[in-house]
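Open the model in your viewer and set it to a cartoon view, with side chains ready to switch on. We will go from stop to stop, selecting a few residues each time.

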Amino acid sequence: VEELGLQVRNAGLPATALENSIGQILSGKERVAVLEIGAGTTSFVILGKDGIHFYRQLQVTGKTMTDALTGSIVFESGRVDIHPEQAEALKQKYGIPERNAQGHDPQYAIELNKLGVMMRPALEKLANELHRTLDYYRAQFNRPDQKVEQILLSGGGGQLKGLVQFLQESLSIPVGMLDIPAVFKIALPPERAARLNVVMSLALDGLHSFNLLPLSYRLKRSK
């Protein structure tokens, strides 16, 4: 980062960073959850007016979705091998195809409905993880009536086409996209904005001061 001419001022966790943007995230609601899906990690944070209510890391990540599309598909005409780079490209292009999706990808000659079938186990695992997490939150903290009013997707993996609709139907909770840059009138393409939600939140002065940078580094930068 420093080689790019930038200075590192703060380091933190997704949950504590998002807490800095709590007003923009809640937007008048009592409780909202943020699902931050990265390539290697996925964070689920429940926020209320008084701060973080719950935080958990989930097993299903962006890489999990890519891995689900990696492998061999057998057609009547033969077998097609999908490598990780191809799987990532297909995921970005088509997202979650409908079960009855027609046609095929012209480059790899793969039927679109087959892609949806391959992704289904990973998607259902994510939905099940979220179901269990929400049930645990309500039971463990004795909050049976304090429902999460909305789930906001963030991170590169949160941009998966069709994910909003899939989670809405699976969880029966309104699902939308988190766009912190737009709050500050910074117009960015959705895929870029989604990757900056946590970073921009970390740069704000929030409810609590929480910096994971080593003390020696902070002292050095203050000189």
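**Stop 1: strand β8**

Begin by selecting residues 150–154, which make up strand β8; 5 of its 5 residues are buried, so the strand is largely enclosed by the rest of the structure. Keep in mind throughout that this is a predicted model.

Now turn on the side chains of β8. Which way do they point? Gln150, Leu152 and Ser154 go one way, while Ile151 and Leu153 go the other, and all are buried. In a regular strand the side chains alternate between the two faces of the sheet.

**Stop 2: the strands beside β8**

Keep β8 selected and add strand β1, residues 31–37. The two strands run parallel and are joined by 5 bridges. To find your place along the pairing, label leucine 35, which stands opposite leucine 153 of β8.

Next, add strand β9, residues 175–177. How many bridges join β8 to β9? There are 3, and these two strands also run parallel. A good pair to label here is isoleucine 151 with valine 175, its bridge partner in β9. To follow the connection, show helix α6, residues 163–171: the chain crosses from β8 through α6 to β9, and this β-α-β crossover is right-handed.

**Stop 3: just past helix α6**

Stay with this part of the chain and pick serine 172, in the loop between α6 and β9. Serine 172 is not a glycine, yet its phi is positive, at about 55 degrees. Is this residue buried or exposed? Serine 172 counts as exposed, because its relative accessibility is 64%, and the cut-off for exposed is over 50%.

For a second serine with a positive phi, jump to serine 27, where the angle is near 50 degrees. Serine 27 sits in the loop between α2 and β1. With 54% relative accessibility, serine 27 counts as exposed.

**Stop 4: a salt bridge between two loops**

From serine 27, move along to glutamate 30 and show its side chain together with that of lysine 49. The two side chains meet in a salt bridge, 3.3 Å from N to O. This pair links distant parts of the chain: lysine 49 is in the loop between β2 (42–48) and β3 (51–58), whereas glutamate 30 is in the loop between α2 (22–26) and β1, with their positions 19 residues apart. Lysine 49 counts as exposed at 55% relative accessibility, and glutamate 30 is partly exposed at 38%.

Side chains of opposite charge can pair when their charged atoms come close. The count for this structure comes to 6 salt bridges. Another one to select is arginine 79 with aspartate 81, whose side chains meet at 3.3 Å, N to O. Arginine 79 is exposed, with a relative accessible area of 58%, and aspartate 81 is partly exposed, with 35%.

**Stop 5: lysine 91 in helix α4**

Select helix α4, residues 84–94, and pick out lysine 91 within it. Is lysine 91 buried or exposed? Lysine 91 is buried, with a relative accessible area of 8%.

What does the side chain of lysine 91 meet? It forms a salt bridge with the side chain of glutamate 88, at 3.3 Å from N to O. Glutamate 88 and lysine 91 are 3 residues apart in α4, so about one helical turn separates them. Glutamate 88 counts as partly exposed at 30% relative accessibility.

To see what else surrounds lysine 91, show Gly62, Met65, Thr66, Leu69 and Leu160: these are its contacts once neighbours within four places in sequence are left aside.

**Stop 6: aromatic rings**

For the last stop, turn to the rings. The structure holds 2 aromatic pairs. One of them is phenylalanine 54 with tyrosine 136, a tilted pair with 5.9 Å from centre to centre and 55 degrees between the planes. Phenylalanine 54 lies in strand β3 and tyrosine 136 in helix α5 (residues 112–140), so the pair ties together parts 82 residues apart in sequence.

Phenylalanine 54 counts as buried at 7% relative accessibility, whereas tyrosine 136 counts as partly exposed at 35%. Finally, add Tyr137 to the selection, and you have one aromatic cluster formed by Phe54, Tyr136 and Tyr137.

Terms used. Residues numbered from 1 in each chain as written. Predicted model: local features only at pLDDT ≥ 70, side-chain atom pairs only at ≥ 80, totals over all residues. Heavy atoms only, no water. Buried < 20%, exposed > 50% of the residue type's maximum accessible area, 1.4 Å probe, protein only. Helix = DSSP H or I, 4+ residues; strand = E, 2+ residues; numbered from the N terminus. Pairing = 2+ DSSP bridges. Right-handed = clockwise from strand over helix to strand, strands pointing away. Contact = heavy atoms within 4.5 Å. Salt bridge = Lys/Arg side-chain N within 4 Å of Asp/Glu carboxyl O. Phe/Tyr/Trp six-rings, centres within 6.5 Å; stacked < 30°, edge-to-face > 60°.
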